[in-house]
Amino acid sequence: MTGDPIVFVQPPASFDNPSPCLDDKQFGLGILANAAWLQGQGFAVDGIHIPLMFHQGFSAEDAIAIILAKSPMLVAIGLNWVHFSRGAIETAKRLREHRPDLPIVIGGQHAGLFADEIAATNAAWVDGVIRGEAEVPLLCLAQALSEGRGIPTDVPGLHTARGAALPPKVIGDVDSLPVYSYRTLKPRPLQPDVAAISTARGACPFRCAWCIEPVVGRLQGRTKLRFHSPNRIVDQMQALTAEGISRFTIQDNFFVGGDRKLVALADALMRRGLRPKHLNVFAHPDSFSATGMSALAACCELGTIDYGIETGSTRVAAINNRSLDPDAVVEGVASAVSLGLEPYSWWMAGLPGEDDAALSETEGLIARTMDVGGIPRWVSPLILFPQTDIHLNPERYGVRRRFEGFADYSVFSEITLAEAVMFSEALAHETAEATRDEITAAALRLRRFIAANLHRLHRAYEGAAKSPDLGSIEARIRQSFM
Ligand code: B12
């Protein structure tokens, strides 16, 4: 590895917000994937996670000085999630103030949604915004900069103040991408034995009206969902195991592959003799049958499924193009428990069509799932993102959009966790049924309902051979829901 490094930076939510409304300690898999790719192409890479530096007591000035001390040939700032909007721009600005000639790009899913706006309004400190998967564009940039050619005008997916010359370009064979390391970004994660696994890239085939995943794949340059092979996923897990990681979470579109993909992954893990301490999979309530769930339970010490149930109202689900059979949800959750898995449930408030009766139905389904051992994990007010069907066609859903551009959404960088729970400043929409204050109140209502019904969980696991740690689950619920 020769030459000055390409330095990846996970920015803070904002340099002025010590308690952001959403977690800021995660490692963006996009950063890790791009770093592994460039390294595989012979370039030196490095990475700094600014929120974790703050956590360790470093100041903003320290973080900027440490990045500059690496004498980067390019700084690539990650903006994968909405709440890092302001921090990503502020990081670029601070770096540029110290080194006016330093090439700086921003990339990641959230940046890609607003590539032109960000590039046009921040041209003084950002050379461009990469929309979409960034392996090909970053390689073009690294080659040109290492040869002293400056930033070329024909980089796929690169948006500058003049717009984009070319659409995003992806690497077709996802299994040819190198496995990534959690050591790329420093300091190390707060939970050094936990990692997220990337199993697929591209557009989700479901069309849930609120979700950005059906569109984001396309925006990123990949129209179809492409899965990694089970062996390649196990390669990734094996590499991370060697770094001391034993608990894994799969939160991408893996569930779309249903039982077939889950069984194949479990088989591949067992063939290699790799037995994770914990394997967590995100899913729709109907993604897996007993076949898939048994395979998950068999291949690890603890298998958990995070079910995005979202609502208990079949009417609201139908309005939002989501199938829901409450009886089948309860059966699925019960079946997961009987197979030795821990099922978690995730809920939303502020969906189009959600009135008081619908909220009562959601409470009803929360209660029924808790009765069979379903552990509520999170209640989130809907964040209405651009390009989703609701954002594109608000009148069809009786919705009023409050946020349009990048600057509107940047409020997520400014508000604190306490403000987000109590106030509705960050709500990007109102529905025909609920104002933003009422949506905030609906989320609180569901959280309080869960807290008041924790005895249901205790009853469900009474006398069970294998029971989740209900004490810590309860503490987490009370802490985050009150
Ligand atoms: C797995 C996942 C998570 C996991 C782990 C993510 C991780 N470690 O990266 C966790 C649980 C942490 C997570 C949390 C959240 N997530 Co999330 N997450 C995803 C998911 C499902 C997959 C992302 C992924 O890792 N893909 C694999 C990598 C390789 O692909 P990629 O991210 O697209 O990266 C490519 C490009 O974007 C680009 N790129 C990415 N980063 C960078 C950085 C640089 C510098 C450059 C140049 C390029 C670049 O290059 C990459 C490779 O080509 C996506 C949806 C999806 N299907 O993609 C949502 C998604 C990104 N998450 C989302 C959200 C909202 C959240 C939360 C805010 C949810 C919440 N309310 O709490 C939290 C907060 C995040 C945090 N920082 O804590 C939204 C983002 C929308 C937005 N505009 O902000 C998405 C799109 C889901 C959705 N439907 O809304 N998430």
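Where does Pro187 lie? Pro187 is found in the loop between β7 (163-164) and β8 (194-196). The peptide bond leading into Pro187 from Lys186 is cis. Its omega is near 0 degrees. This detail comes from a predicted model, and so do the values that follow.

The overall build comes next. The protein contains 22 helices and 17 strands. Its C-alpha trace spans about 65 × 55 × 40 Å along the principal axes. A compact globule of 482 residues would have a radius of gyration near 23 Å. The protein has 22 Å, which agrees with that expectation. Of the 482 residues, 56% are buried. Contacts tell about the chain's path. Among contacts with a separation of 6 or more, 77% join residues 24 or more positions apart.

The surface can be described in similar terms. About 19100 Å² of the protein is exposed. Carbon and sulfur atoms supply 52% of that area. Charged side chains number 45 positive and 54 negative. The centres of the two sets lie 4 Å apart.

Opposite charges also pair up. The structure holds 24 salt bridges. One of them joins the side chains of Glu414 and Arg86, with N and O 2.6 Å apart. Glu414 lies in helix α18 (residues 411-414), and Arg86 lies in helix α4 (residues 85-98), so the pair ties together parts that are 328 residues apart in sequence. How exposed are the two partners? Glu414 has a relative accessible area of 41%, so it counts as partly exposed. Arg86 has a value of 32% and is partly exposed as well.

A second salt bridge links Asp389 and Arg396. Here the closest N and O atoms are 3.3 Å apart. Asp389 is partly exposed, at 28% relative accessibility. Arg396 is exposed, at 56%; the cut-off for exposed is over 50%. Elsewhere, salt bridges with shared partners join Glu133, Glu135, Arg201 and Arg222 into one network.

A third salt bridge brings Arg149 together with Glu147. The closest N and O atoms of this pair are 2.8 Å apart. Glu147 is exposed, with a relative accessible area of 52%. Arg149 sits in the loop between α7 (135-146) and β6 (158-160). Which residues does Arg149 touch, leaving aside those up to four places away in sequence? They are Gln143 and Ala144. Both fall within the residue range of α7, which is 135-146. Ala203 is another matter. Arg149 and Ala203 are 54 residues apart in sequence, and their C-alpha atoms are 35 Å apart in space.

Two residues stand out by their backbone angles. Glu310 is not a glycine, although its phi is positive, at about 70 degrees. Glu310 belongs to strand β13 (residues 302-310). Is Glu310 buried or exposed? At 12% relative accessibility, Glu310 counts as buried, because the cut-off for buried is under 20%. Gln387 also has a positive phi without being a glycine. Its value is about 75 degrees. Gln387 lies in a loop, between β15 (375-381) and α15 (389-392). At 31% relative accessibility, Gln387 is partly exposed.

The last residue considered is Asp259. Asp259 is placed in helix α10 (residues 258-272). Its relative accessible area is 19%, so Asp259 is buried. Which residues does Asp259 touch beyond four places in sequence? The contacts are Ser287, Phe288, Ser289, Thr291 and Gly292. Gln10, by contrast, is 249 residues away from Asp259 in sequence. The C-alpha atoms of Asp259 and Gln10 are 35 Å apart in space.

Notes
Residues are numbered from 1 along each chain as its sequence is written. This is a predicted model: local features need pLDDT of at least 70, side-chain atom pairs count only at pLDDT 80 or more; totals for chains, interfaces and linings use all residues. Side-chain values use heavy atoms; hydrogens and water are left out. A salt bridge is a side-chain nitrogen of Lys or Arg within 4 Å of a carboxyl oxygen of Asp or Glu. Helices (H or I, at least four residues) and strands (E, at least two) are DSSP runs, numbered from the N terminus. Buried means under 20% relative accessible area, exposed over 50%, partly exposed in between (1.4 Å probe, protein chains only). The radius of gyration is taken over C-alpha atoms; the globule rule is 2.2 Å times the number of residues to the power 0.38. Contact means heavy atoms within 4.5 Å. Accessible areas come from the Shrake-Rupley method with a 1.4 Å probe; for residues, only the protein chains shown count as cover. Lys and Arg count as positive and Asp and Glu as negative; His and the chain ends are not counted. The place of a charge is taken as NZ of Lys, CZ of Arg, CG of Asp or CD of Glu.
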